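Let's take a friendly walk through a protein model, looking at how its helices pack and where some of its residues sit. Have the picture below at hand as you read.

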Amino acid sequence: MIIIQNLYKKFGKLTVLDRIDLKINNQGIITILGPNGSGKTTLIKCLLGMVILNSGSITFNEMNILGKWDYRKQISYMPQIAMFPQNLKVIELIKMIKNLREGAIRDSELISMFKLEEFLDKKLGNLSGGTIQKVNIVLTFMFDSPFIVLDEPTTGLDPVALIRLKELIIKEKNKGKTILISTHIMSFVEEISDGIVFLLDGNIYFEGTVAKIKEQTKQNNLENAIANILQETYD
Amino acid sequence: MIKILKYSIYDLMRGRWSYIYSVFHLILGYVLLFLNNDVSKAVITLLNIIIVLTPLIGTIFGVMYYYNSRDFTELLLAQPIKRTTIFLGQYFGASISLSLSLVIGLGIPFVVYGLFQSAAIFNFFSLLLIGALLTFIFVALAYNIALSFEDKIKGFGFAILVWLFFAIIYDGILLIVMVVFNDYPLDKFALGATMFNPIDLSRILILLKLDISALLGYTGAVFQKFFGTSLGMFAAIGLLSIWIIFPVLRIAYKSKRKDF
């Protein structure tokens, strides 16, 4: 369980997260939505300890994460734009991450799932964006962590890979894991998410289920519901 | 930390730059030996090159390595690894790999030329030791600068400026001060001022080892009296170590507070 209290973060003069309170129970798939620059990635990075808070606190399973690192053993994180060392081959990268972090169990299963066999001996610098994203998926899901954080996981994926990813996420959820996803693809959200956190200008604008946001905005599809909210703020 | 260090060294060894650096030293070594035709003389020439060039290459390489491996650093930061482990691992990886390039690149031509039969062997090894220390110092300074500047160009510019300051500007200022205050006894001041510049400190250390302190002119005697003793020698090595320890501590401090 994650409890975020009064989280405040600014970069220079720009306030990115403005005193956010959020509680994430172990409740399946939570999606973080919001326009560009609304603080989605920053929120995720705060959770992982990559961004240091200005004030407020985050507790992970009743432990304050400030300055800690071993709680990350329970989190798998997939970054938004994955850049890996250009000189390394795919297989070397996978081995290396396995070596740095024990507990990888199903890398070979994932490699065949995303048809990465033929790329294993290629250098990461020579791969296309979509293939790199697949490698990113393998690196994230090969660990059996109870908590998974995905930052725009669908970027650059082809339709087949997208379906596989969706299946993978749902399978993980059924194992009782908590999955936090940030994305812009509404159909994806509508299909898989159990809860939504909608961020706007560093505040939580809405928190609840897909059904609730539709009801609140009186729209019958999520895309329109979100657009409806954004429209109000554009004016 | 050993794992990170191992991967950093491995990563650098696979990159082109450490080879280019080794080959550069290899060619340098051969050319110097060819031109001087004598190991002892070549060591003296080498001194001037090492004292200026290793800091420059350490600076450029340190900054470049930090910015280049930034994405990878982010990948590591999301893993259950302590922050200081990641940054210190990378720092030591870069420094060790550069020092290795230096030792191997220069070592081969000198060994082939008959270093082991020469009296200059001890001087040559002190020179390599100093080169390695300077590499560690300037990579640490460069890492500090890169950690403080998000913008690559600014970081790079500032790092070069720091090198320029220690390699040239510092001596210039010192010279002006000495000329202006010509009428006062300056030996103690000169001695003190040297301590605050790792490049000067290394240069004097080597010059005294090579027993050519007469080159140092009128303060030479004071230096000889201080650094010539074993106490002075230890003091100098200690000071060089402090030049490594403080920047490294700051890397640890800074890395704990930085956003990625």
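When two helix axes make an angle over 145 degrees, the helices count as roughly antiparallel. Keep that cut-off in mind as we begin, and remember that this is a predicted model.

**Helix pairs in chain B**

Two packed helices are described by the angle between their axes and the distance between the axes. Here are those values for two pairs in chain B.

| Helix pair | Axes come within | Crossing angle |
|---|---|---|
| H3(B), residues 39-68, and H5(B), residues 83-112 | 11 Å | roughly 155° |
| H4(B), residues 70-77, and H5(B) | 10 Å | roughly 150° |

How do H4(B) and H5(B) run, roughly parallel or roughly antiparallel to each other? Their angle makes H4(B) roughly antiparallel to H5(B). The crossing of this pair is right-handed. On the H4(B) side, the contact is made by B:Phe72, B:Thr73, B:Leu76 and B:Leu77, while H5(B) brings B:Arg83, B:Ile86, B:Phe87 and B:Gln90. Sorted by character, the residues of this contact are 5 nonpolar, 2 polar and 1 charged.

Now for the other pair. With their crossing angle of roughly 155°, H3(B) and H5(B) are therefore roughly antiparallel to each other. H3(B) passes H5(B) in a right-handed crossing. The residues that H3(B) brings to this contact include B:Val39, B:Leu46, B:Ile50, B:Gly58 and B:Tyr66, and among those from H5(B) are B:Phe87, B:Gln90, B:Ala94 and B:Phe110. The contact of H3(B) with H5(B) divides into 15 nonpolar residues, 3 polar and no charged.

**Buried residues in chain A**

Let's move to chain A and its helix H1, residues 40-47. How many of its residues are buried? The count is 7 of the 8, so H1(A) is largely enclosed by the rest of the structure. Those buried residues are A:Lys40, A:Thr42, A:Leu43, A:Ile44, A:Lys45, A:Cys46 and A:Leu47. Just after H1(A), A:Gly49 takes a positive phi of about 75°.

Helix H2 of chain A, residues 90-100, has buried residues too, including A:Val90, A:Glu92, A:Leu93 and A:Leu100. What do the buried residues of H2(A) pack against? Within chain A, they meet helix H3 (107-113) and helix H4 (129-141), and in chain B they meet helix H1 (2-14) and H4.

Another residue to find is A:Lys166, in helix H5 (residues 159-174) of chain A. Is A:Lys166 buried or exposed? Its relative accessibility is 16%, and the cut-off for buried is under 20%, so A:Lys166 counts as buried. Its side chain makes a polar contact with the side chain of A:Glu191, at 3.1 Å. Leaving aside residues up to four places away in sequence, A:Lys166 touches A:Phe188, A:Glu191 and A:Ile192.

**Two loop residues with positive phi**

Most residues other than glycine have a negative phi. Against that background, look at A:Asp201, whose phi is near 50°. A:Asp201 lies in the loop between strand S9 (195-200) and strand S10 (203-208) of chain A. At 63% relative accessibility, A:Asp201 counts as exposed.

A:Lys218 has a positive phi as well, near 55°. You will find A:Lys218 in the loop between helix H7 (210-217) and helix H8 (222-234) of chain A. With a relative accessible area of 73%, A:Lys218 is exposed.

How values were computed
Residues are numbered from 1 along each chain as its sequence is written. Chains are lettered from A and ligands numbered from 1 in the order in which they are written. This is a predicted model: local features need pLDDT of at least 70, side-chain atom pairs count only at pLDDT 80 or more; totals for chains, interfaces and linings use all residues. Side-chain values use heavy atoms; hydrogens and water are left out. Axes are lines fitted to C-alpha atoms, for helices over the stretch in contact, and angles run from 0 to 180 degrees between N-to-C directions. Helices (H or I, at least four residues) and strands (E, at least two) are DSSP runs, numbered from the N terminus. Angles under 35 degrees count as roughly parallel, over 145 as roughly antiparallel, 65 to 115 as roughly perpendicular and the rest as oblique. A crossing is left-handed if the near helix is turned anticlockwise from the far one by less than a right angle, and right-handed if clockwise. Contact means heavy atoms within 4.5 Å. Ala, Val, Leu, Ile, Met, Phe, Trp, Tyr, Cys and Pro count as nonpolar, Asp, Glu, Lys and Arg as charged, and the others, Gly among them, as polar. Buried means under 20% relative accessible area, exposed over 50%, partly exposed in between (1.4 Å probe, protein chains only). A polar contact is a pair of N or O atoms within 3.5 Å; within protein, one must be able to donate a hydrogen and the other to accept it, and residues adjacent in sequence count only if both atoms are side-chain atoms.
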